[in-house]
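Colleague: I am new to this structure and would like to learn how to read its features one at a time. Please show it to me before we start.

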Amino acid sequence: MTNLTSLLVANRGEIAVRVLRTARALGLATVAVHSDPDAGALHVREADTAVRLPGAAPADTYLRGDLLVRAALAAGADAVHPGYGFLSENADFARAVLAAGLTWVGPPPEAMEAMASKTRAKELMRAAGVPLLDPVDPHAATAADLPLLLKAAAGGGGRGMRVVRDLDSLKEDLEAASAEALSAFGDGEVFAEPYVERARHVEVQILADSHGTVWALGTRDCSLQRRHQKVIEEAPAPGLPEALRTALHEAAVAAARAVSYEGAGTVEFLVTADGRPYFLEMNTRLQVEHPVTEAVFGLDLVALQLRIAEGTALPLSPPQPAGHAVEARLYAEDPAQDWRPQTGTLHTLAVPGEVRVDTGFTDGDTVSVHYDPMLAKVVAYAPTRAEAVRALAHALAGARIHGLTTNRELLVRSLRHPEFTAGLLDTGFYERHLPALTEADPDDPAPALSALAAALAEAAPAPDAPLATRLGGWRNLRSQPQSRRYTVAGTEHEVRYHRARGGFPEPVDHPGVRILSAARHLVVLEVDRVRRVFHVKQKSNTPPETYVDSTLGAHTLIPVPRFADPQDRTEPGSLLAPMPGTVVRVAEGLAPGATVTAGQPLLWLEAMKMEHRILAPASGTLTALHAVTGQQVEFGALLAVVQEEA
C-alpha cells in the first residue's frame, strides 16, 4: 500500500479542475501546472501550488514530460494524475513518472503501450476473442470496399480520420490523414477499415485494481459526433437488448484482462444497425464523458483511481446502476460555419437548474487559440431518460453565455429532435440534420424583440442618475421617435419608439407589444398578451456588444454606429485567415501563377485542435501566396489572392 500526500495534475482546463477538487476532498495537497496563457486560469486558482511551464504552445508546455516530472519533484508531489488528452496515454511519460519515484495514477505503461497503436491493439483483441471489423489495405482497395474509414494508428479524438466514398479521392485522403496524424501524434501511420453506415458508438467503462478485480461499469452511447468527436453522451446506452449489453461487458472485461489493465479505462465499440458489436479501441485513461457513469453508479471515478494507485482493492462487484444521465459538451464554436472555433473573452457563463457543470472557465476568462474550444460539460441526471434529456435541454436553453459564439443552440435542438428523444441514435445524425439544426427561422420574432429590449435598456437612465436625467432620459425631441439600429446574426434591425407622457415609451412598428418596465439590465414586455422577460447585458468591447437572454432564445447584438467608420478594403479574391492558427500544409506545387479551380483546397490551417481547409473562392489564377507551412497567422491575415477568370 502507498499513502499519497500530494498530487500534481499534468493537465489543464475542466479535467484539471475536476481532479483537483476530488484530490482536495480526499485530503491531498494539490499542484497545478500552467503555460503562460493559463497563468490566471481556474485550475491554477484551484490548486494549493502551481508550477509555471514557460511558453504557450502545448508542444512547449503540457506535452513536455520532462518539465512535468521536474514540476512534480520541485513542488513536493508524490503522485501524478494525467487527466485526458496531452500525455495521458503516453507510456514513456508514465515510465518517466515512475522512474522519478512518483506514483502514476493510471494503468501500467505496458498496458498503455499495448493499446497505444490501434493496429497492434486489434491484433491483441482478435487473440482475446473480441469481435473486430476486418482490416482493408487502403493501397489495394476497390470500389467494393467503399465506404472506407481511414484512422490514425497512434491517435484518437477524431484526428487523422477520413471517410472515403470515392476511389479517386483515396490517395489525397490518405495523404491528408497521414499528415494530420503526424502533426497531432508524431506518427503518420494510417490504417483503413470498412465504414459502417448508421452505426452506433457504444462504450463500456472499465475499472480494475492490482488484485485481479475488473469492473464493467455499464454502457455509454456517444453516437452524436461532429468530425468524429463526441458532442452528446449518455448512460446507459438506450435500447440495447440485454444479451448485447452482456456481450459488450464481457468483451470489455476480456480486453482489460488481455493487457493486465489497472485503473480507469474505456473500451469502445461500433454497434451495427442489426445489433452486431465490433471493437474500435481502448482508451487507457479517464474519458471526457465519465460523469454520466458517475451519476448512474453513484461513484467518484477519480477518487477510485487514486485509491487503486495506492493499492486499495475494489469490492468484487460494482454497485448497481440506477436512473439515466446525459452530458452535452458546450463548445466555443460555430456549427453553421464548419464548426469554426472561437477565441476571445468569455464574459458570462451561467447554467441554471439542478445540473452538474464541469468547466475550466469563470466569467472574464480568455478562450485561447492554443487549446480545445470546449467551455464546459453539462450533465443532467434523472430517474428516466426522458426526464434527464428534458432537464438538460431546459438548462442549456436558459444558460447565459456571453462573449463567444457557441454550439448551445445546436445542443438544445439536438436534445429536442424527434430522433434523439426516441433514442434512434447513430453516428450519421449531424451529417443528416446539421443544416436544419443550424438554420435560422426567417419568421422568428425573437431577434426584433431582443433589439427592442436592447434599445430600451440602453436608453434607460442609471438608477442613481440625477432626477433631471431620469426624467429626460427617454427623449431627444418629444415629437420625434427615438431610433436605434443593431445587427443580429448578420441582419440589421431598427428600433423606433415614442416617449409617452407619464409612462414608458411606446414602440413604433411593434404591434401587439406593450412595455411593462425597462431598466438597464431588465426589460419586461407584453407580447400579444404574453409577459416576456429580457435580461440585457452591455459590454463596451470592440466592437461593442449587447447580450439579450429570454425564453425566446439568446441573442448577441452589435449596435450600428450613427456614422459608419470607413473600413479597410481588401483586394477581390483575397483569402483571409478565419481564425488565429498555424499553417500546417500548403497544396503541393502551389505558387503564384498557378491555375486553381473553385473549391480546391489551397491551405490547411490548424487551430484549437481542429484542422480547417482554405478553399479557392473561384476558378482563376493564384496571384499571391503569403502563407508557408509552420507559419503562425492572426485572425484576418491575408493568406493568398485568387484572381477570378473572366
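Colleague: At what angle do the axes of helix H1 and helix H10 cross, and within what distance do they come?

Modeller: One note first: this is a predicted model. In general, two packed helices are described by the angle between their axes and the distance between the axes. Here the axes of H1 (residues 13–25) and H10 (residues 301–310) cross at roughly 65° and come within 9 Å. The crossing of H1 with H10 is right-handed.

Colleague: Which residues make the contact between H1 and H10?

Modeller: From H1 there are Arg-18, Val-19, Thr-22 and Ala-23, and from H10 there are Leu-301, Val-302, Ala-303 and Leu-306. Six residues of this contact are nonpolar, one is polar and one is charged. A general point helps in reading such a list: an α-helix has 3.6 residues a turn, so residues three or four places apart point the same way.

Colleague: Is helix H12 largely enclosed or largely open?

Modeller: Buried here means under 20% relative accessible area. Helix H12 (residues 408–415) is largely enclosed by the rest of the structure, because six of its eight residues are buried. Those buried residues are Arg-408, Leu-410, Leu-411, Val-412, Ser-414 and Leu-415.

Colleague: Next, the aromatic rings. How many aromatic pairs are there?

Modeller: Rings pair if their centres lie within 6.5 Å, and planes over 60 degrees apart count as edge-to-face. The count for this model is six aromatic pairs. One of them joins Phe-269 and Phe-279, with 6.5 Å between centres and 80° between planes, an edge-to-face pair. Phe-269 belongs to strand E12 (residues 263–271) and Phe-279 to strand E13 (residues 277–283), and the two are 10 residues apart. Phe-269 and Phe-279 are both buried.

Colleague: Why is the pair of Phe-429 and Tyr-430 edge-to-face?

Modeller: The pair is edge-to-face because the ring planes of Phe-429 and Tyr-430 stand at 80°, with the centres 5.2 Å apart. Phe-429 and Tyr-430 are both buried. Elsewhere, ring pairs link Tyr-62, Phe-86 and Tyr-371 into a cluster.

Colleague: Which ring has Arg-226 over its face?

Modeller: That ring is Tyr-331, and Arg-226 lies 4.2 Å from its centre. Another such case is Arg-385, which lies over the face of Phe-420 at 4.7 Å from the ring centre.

Colleague: Which residues outside its sequence neighbourhood does Leu-425 touch?

Modeller: Not counting residues up to four places away in sequence, Leu-425 touches Arg-200, Asp-221, Ser-223, Leu-224, Glu-234, Pro-238, Arg-385 and Phe-420. Leu-425 lies in the loop between helix H13 (418–421) and helix H14 (429–438). With a relative accessibility of 6%, Leu-425 counts as buried. Its C-alpha is 8.3 Å from that of Arg-198, although the two residues are 227 apart in sequence.

Colleague: Where does His-510 lie?

Modeller: His-510 is in the loop between strand E25 (506–508) and strand E26 (513–518). Its relative accessible area is 14%, so His-510 is buried. Leaving aside neighbours within four places in sequence, His-510 is in contact with Ala-448, Leu-449 and Leu-452. Between the C-alpha atoms of His-510 and Val-259 there are 68 Å, with their positions 251 residues apart along the chain.

Colleague: I would also like to read the backbone. What kind of peptide bond joins Leu-146 and Pro-147?

Modeller: Most residues other than glycine have a negative phi, and most peptide bonds are trans. The bond between Leu-146 and Pro-147 is cis, with omega about -5°. Pro-147 is placed in the loop between helix H6 (118–127) and strand E6 (148–152). The bond from Ala-235 to Pro-236 is also cis, with omega near -5°. Pro-236 is in the loop between strand E11 (229–235) and helix H8 (242–258).

Colleague: And phi: what is its value for Arg-227?

Modeller: Arg-227 is not a glycine, yet its phi is positive, about 50°. The residue lies in the loop between strand E10 (214–226) and E11. Arg-227 is partly exposed, with a relative accessible area of 28%. Asp-509 also has a positive phi, near 70°. Asp-509 is found in the loop between E25 and E26, and is exposed, with a relative accessible area of 58%.

Key: Residues are numbered from 1 along each chain as its sequence is written. This is a predicted model: local features need pLDDT of at least 70, side-chain atom pairs count only at pLDDT 80 or more; totals for chains, interfaces and linings use all residues. Side-chain values use heavy atoms; hydrogens and water are left out. Rings of Phe, Tyr and Trp (its six-membered ring) pair if their centres lie within 6.5 Å; planes under 30 degrees apart count as stacked, over 60 as edge-to-face and the rest as tilted. Helices (H or I, at least four residues) and strands (E, at least two) are DSSP runs, numbered from the N terminus. Buried means under 20% relative accessible area, exposed over 50%, partly exposed in between (1.4 Å probe, protein chains only). A charge sits over a ring if NZ of Lys or CZ of Arg is within 6 Å of the ring centre and within 35 degrees of the ring normal. Axes are lines fitted to C-alpha atoms, for helices over the stretch in contact, and angles run from 0 to 180 degrees between N-to-C directions. A crossing is left-handed if the near helix is turned anticlockwise from the far one by less than a right angle, and right-handed if clockwise. Contact means heavy atoms within 4.5 Å. Ala, Val, Leu, Ile, Met, Phe, Trp, Tyr, Cys and Pro count as nonpolar, Asp, Glu, Lys and Arg as charged, and the others, Gly among them, as polar.
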